[in-house]
Amino acid sequence: MSQGPRSGLAAVSSALLAMSRHLEVRDVLKTIVASARELLDAQYAALGVPDDHGGFAQFVVDGVTDAQWKAIGPLPRQHGILAAMLREAKVERLADVRTDPRFEGWPSAHPEMSDFLGLPIRDGDEVIGALFLANKNCQKPQGGCGFTAEDEELLSILAQHAAIALTNARLYERSRELTIAEERSRLAHELHDAVSQKLFSLRLTAQAAAALVDRDPSRAKGELQQVAALAAEATEELRAAVVELRPAALDEDGLVATLRTQVQVLDRAHTARVTFAASGFRALPAAQEEALLRVAQEALHNALRHSGAEHVDVTVNRRGCGAVLRVADDGSGFDPHLTRSAGRHLGLVSMRDRASGVGGTLTVESAPGKGTTIEMEVPGG
């Protein structure tokens, strides 16, 4: 094996465990590339996932700064050495990639690369990606490649596990897409049923008020007050549905900023005081951040709609390599051990499923008259 800074079985094991921890395809790709570059002590590493149009659906690099990557320009096409790896599905180990007859050059901002090791990532007979490294950090033999046969063997082992991790991540994302579609369908039905009933009652009450205005003004006033109450309830139903259906700007703003914005909106929209605080939080894998956001939304919905709370506090803090979310209210509370049906009504089953789905845990502390605290912890990446 390569005698880089982290050679040996422990380093390989660490890399494989890191790959298995992630569920998002993008996170898996980044981990594969970073692990390969570190294990083989290379200056650059990249992994491309081909699309069906001669380009790459995803392309991840390691060893290139954001500024360099931006200056390089659009993603590469499937040509030259990359195309050969994808088409012929064989390992390429070259002393100088620039002298290979298949080399077709690169953009002016692209870093200079010489010795090269690349191989396809395969799922059965299908090539699902191309992994390659360049510029081994070592003394190179005269006219030879810095990457050795042992490096090639190590990268092949890594690629086999990368195929498994990437396939699992794809299956997870497809499963999550189906779950999201099912949730949206459920919410649409609930929204239709709840708001339709409210609007039907609203219309009948308004008609009754109109009929009573002339002959019984006091009763008409009571009916109009009922109209106002029904309109407020319909507004709450719509607000709750919009908050849950609206896609969170996690990619652009991150979890802390997204949660802070939502808490500010809820604080203005409700009579209860809703606050938010965060400490030491570090970015987490996308799946974990989304799960934390959804659990926070569900817990806030429960606290503001069902508990009668005057104060709801939301905090997100770093814990080890991960994070812990805490939503605490001073509302009516309930007995978690005696209210199985209530637990389903409050979405506790859904919240536990979200937590366990990303390797996290959910705890619920509540008692009648003592408020409720929901805490979710995730391990990080």
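## Two buried rings

Phe56 and Phe59 are both buried. Their ring centres sit 5.3 Å apart with the planes at 70°, so this pair is edge-to-face. What you're looking at is a predicted model, by the way.

Phe59 also has a second partner, Phe132: here the rings are tilted, at 6.3 Å centre to centre and 50° between the planes. Phe59 belongs to strand 2 (residues 56-62) and Phe132 to strand 5 (residues 126-136), so this pair ties together parts that are 73 residues apart in sequence. Like Phe59, Phe132 is buried. Step back a little and you'll find a cluster linked by ring pairs, made of Phe56, Phe59, Trp69, Phe116 and Phe132. The structure's count of aromatic pairs comes to 5.

## The chain as a whole

How many helices and strands does the protein chain have? There are 10 helices and 10 strands. The chain runs to 381 residues, and 42% of them count as buried. Take the contacts between residues at least 6 apart in sequence: 63% of these join residues at least 24 apart.

## The sheet with strands 1 to 5

Let's go back to where those Phe rings live. An open sheet of 5 strands runs in the order 2-1-5-4-3, and its pairing is antiparallel. At the edges are strand 2 and strand 3 (92-94), each pairing on one side only. On average, neighbouring strands here are turned by 15° against each other, if you ignore direction.

Over at the strand 3 edge, 3 bridges pair that strand with strand 4 (residues 116-123) in the antiparallel sense. One spot to look at is Arg93, whose bridge partner in strand 4 is Leu117.

## Helices on that sheet

Helix 2 packs on this sheet, where it touches strand 1 (42-50), strand 2 and strand 5, and its direction makes about 40° with that of strand 2. Its buried residues include Val28, Leu29, Ile32, Val33 and Leu39. Does the length of helix 2 fit its residue count, and what span should you expect? At 1.5 Å a residue, the 15 residues of helix 2 (residues 25-39) should span 21 Å, and the end C-alpha atoms are indeed 21 Å apart. After helix 2 comes Asp41, with a positive phi near 55°.

Helix 4 (residues 80-88) is another one to find: it lies across strand 1, strand 2, strand 3, strand 4 and strand 5, running at about 140° to strand 5.

## The other sheet

Further along the chain there's another open sheet of 5 strands, ordered 6-7-8-10-9, and this one has mixed pairing. Its edge strands are strand 6 (273-279) and strand 9 (361-366), each of which pairs on one side only. Neighbouring strands are turned by 10° against each other on average, direction ignored.

Where does the mix come from? Strand 6 and strand 7 run parallel, joined by 7 bridges, whereas strand 7 (residues 311-319) and strand 8 run antiparallel, joined by 8 bridges. Val312 is a handy residue for following this: it is the bridge partner of Val274, and it stands opposite Asp329 in strand 8. Strands 7 and 8 form a hairpin with 2 residues between them, and Gly320 in the turn has a positive phi of about 65°.

## Strand 8 and its surroundings

Is strand 8 (residues 322-329) buried or exposed? Of its 8 residues, 7 are buried, so the strand is largely enclosed by the rest of the structure. Strand 8 also pairs with strand 10 (residues 372-378), in the antiparallel sense and over 7 bridges. In that pairing, Val324 stands opposite Glu377.

Helix 10 (residues 348-357) lies across strand 9 and strand 10, at about 145° to strand 9. Then there's helix 8, which is mostly covered, with 17 of its 20 residues buried. At 1.5 Å a residue, helix 8 (residues 286-305) should span 28 Å, which agrees with the 28 Å between its end C-alpha atoms.

## What about the cysteines?

How many disulfides does the structure hold? The count is 0. Take Cys138: the closest cysteine sulfur to its own is in Cys145, 8.2 Å away, which is too far for a bond. Cys138 is partly exposed, with a relative accessible area of 34%.

Technical notes
Residues numbered from 1 in each chain as written. Predicted model: local features only at pLDDT ≥ 70, side-chain atom pairs only at ≥ 80, totals over all residues. Heavy atoms only, no water. Buried < 20%, exposed > 50% of the residue type's maximum accessible area, 1.4 Å probe, protein only. Helix = DSSP H or I, 4+ residues; strand = E, 2+ residues; numbered from the N terminus. Pairing = 2+ DSSP bridges. Axes fitted to C-alpha atoms, helices over the stretch in contact; angles between N-to-C directions. Contact = heavy atoms within 4.5 Å. Expected span 1.5 Å × (residues − 1). Phe/Tyr/Trp six-rings, centres within 6.5 Å; stacked < 30°, edge-to-face > 60°. Disulfide = S-S within 2.5 Å.
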